[in-house]
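Subject: Structure handover

Hello,

Here is the structure I promised you. Please open it alongside this email, and read the notes below with the coordinates on screen.

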Amino acid sequence: MDYLVLLYYCYTPIENPEQFREEHHRLCLSLNLLGRIIVASEGLNGTVSGLRADCEEYMRLVKADPRFAALEFKVEEAPAHTFQKLHVRVKPEIVHVGLPHIKPYERTGIHLSPTEFRDLKDQDDVVVLDVRSDYEHNLGRFKNAITLDIENFREFPEKVQELEQFKDKKILTYCTGGIKCEKASAFLLEQGFENVYQLHGGIIKYGLEAGGEDFEGKCYVFDGRVAVDVNSVNPSIISHCHHCHTPSDRMVNCANPHCNAHIPLCETCGQQLDGACSTTCQEHPDKRPYDGTGAYPKNSNNYSPEQGLLSYRAPVR
């Protein structure tokens, strides 16, 4: 395949995030990359797509910066761009959880390689903890993993009290690419949990290096692919069609924009309901035309990647 998708993050101090954001945006423009990148005083987080040669040059240039020397890219092939736009933004955190005082580059859980995680996860004194949101772990998760009922990662801190019963166990956290685990495991340590670990590189790296063994279902990703296979050893489907309840890992957004529920919907029900999650939404006067994908990208409004440079304003401090 001619294109690559890069998933990456690095917790490291960035003294002037606004200046770095502008420089980094220009770098992405020069390499024709598309995607979403977040810059904060605590580090860098992004997912981008581009031609193979452009992505390889991007990786080389990013890692040439001493601040990102330890950064690891998760690299997957794709037939085309998986994004339609380029956004490089400054935010308070590179993953929003409301814990800016926690600095994973100072203290976080013990990193486990994919093979170490695989060998440890089924031991009696171990609990495997999924720190992702409901719609993510409902689509796919590790066998026997503990999941939390959260709609967004920022709800994680208030759910930690539910884990008190596991304080005498080894807690193995995991997420899509590893970034959420950095803060989740650091917060668990702050709350008095002593044996806290994290799957280094997340589900994506586990699939690439350990065959995805015992990961049930698909992995939700935040680009145009929506869901990807990670298990080549013992794959399965655990999610069910929202309407008919047959096994389905086909994720859509409800065609009613006022609902926009992000759900599994099999192809048959998708056609019967014209992309809606229910007959009520199907009959809504504002229902969007259904093209069989269940994806409704926002209107580009003559967007060009350079707009990010023209319209960007540093946040008020």
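A residue counts as buried here if its relative accessible area is under 20%, and as exposed if that area is over 50%. On that basis, 53% of the 317 residues of the protein are buried. Please keep in mind that this is a predicted model.

**Overall build**

The protein has ten helices and 15 strands. Its C-alpha trace spans about 55 × 50 × 40 Å along the principal axes. The radius of gyration is 20 Å, which agrees with the value near 20 Å for a compact globule of 317 residues. Contacts reach far along the chain. Among those with a separation of 6 or more, 68% join residues 24 or more positions apart. The accessible surface comes to about 15,300 Å². Carbon and sulfur atoms hold 48% of that surface.

**Aromatic pairs**

I searched the whole structure for ring pairs, and the search gives 15 aromatic pairs. One of them is F117 with F142. The two rings are tilted, with 50° between the planes and 5.1 Å centre to centre. F117 belongs to helix 3 (residues 114-120) and F142 to strand 8 (residues 140-142), so this pair ties together parts that are 25 residues apart in sequence. Both residues, F117 and F142, are buried.

F142 also pairs with Y174. This time the arrangement is edge-to-face, at 4.7 Å centre to centre and 85° between the planes. Why call it edge-to-face? The planes are 85° apart, and an angle over 60 degrees counts as edge-to-face. Y174 sits in strand 9 (residues 170-174) and F142 in strand 8, so the pair ties together parts that are 32 residues apart in sequence. Y174 is buried, as is F142.

Which residues do the ring pairs link into a cluster? They are F117, F142, Y174, Y206 and F215.

**Charges over rings**

Two places deserve a look. K167 lies over the face of F193, 5.1 Å from the ring centre. R288 has its charged end over the ring of Y296, at 4.0 Å from the centre.

**Strand 9 and its partners**

Strand 9, which holds Y174, is mostly covered. Four of its five residues are buried. It pairs with strand 7 (residues 126-130) in the parallel sense, over five bridges. In that pairing, L129 stands opposite T173 of strand 9. Strand 9 also pairs with strand 10 (residues 196-199), again in the parallel sense, here over three bridges. There, L172 stands opposite Y197 of strand 10.

**Strands 1 and 4**

Strand 1 (residues 3-11) and strand 4 run antiparallel, joined by five bridges. V5 has E76 as its bridge partner in strand 4.

In a regular strand the side chains alternate between the two faces of the sheet. Strand 4 (residues 74-78) shows the alternation clearly in burial as well. K74, E76 and A78 point to one face and are buried. V75 and E77 point to the other face and are not buried. Note that the buried set includes K74 and E76.

**The N terminus**

M1 comes in the segment before strand 1. Is M1 buried or exposed? Its relative accessibility is 57%, so M1 counts as exposed. M1 still has contacts outside its own stretch of chain. Leaving out residues up to four places away in sequence, M1 touches R52, E77, A78 and P79. M1 and P79 are 78 residues apart along the chain, yet their C-alpha atoms are separated by 5.3 Å.

**Two positive phi values**

Most residues other than glycine have a negative phi. Two asparagines here have a positive one. N32 has phi near 60°. N32 is in the loop between helix 1 (17-30) and strand 2 (34-40). At 51% relative accessibility, N32 counts as exposed.

N260 has a positive phi of about 55°. N260 is in the loop between strand 14 (251-253) and strand 15 (262-264). With 35% relative accessibility, N260 counts as partly exposed.

Best wishes

Terms used. Residues numbered from 1 in each chain as written. Predicted model: local features only at pLDDT ≥ 70, side-chain atom pairs only at ≥ 80, totals over all residues. Heavy atoms only, no water. Phe/Tyr/Trp six-rings, centres within 6.5 Å; stacked < 30°, edge-to-face > 60°. Buried < 20%, exposed > 50% of the residue type's maximum accessible area, 1.4 Å probe, protein only. Lys NZ or Arg CZ within 6 Å of the ring centre and 35° of its normal. Pairing = 2+ DSSP bridges. Rg over C-alpha atoms; globule rule 2.2 N^0.38 Å. Contact = heavy atoms within 4.5 Å. Areas by Shrake-Rupley, 256 points an atom, 1.4 Å probe, with all protein chains shown as cover.
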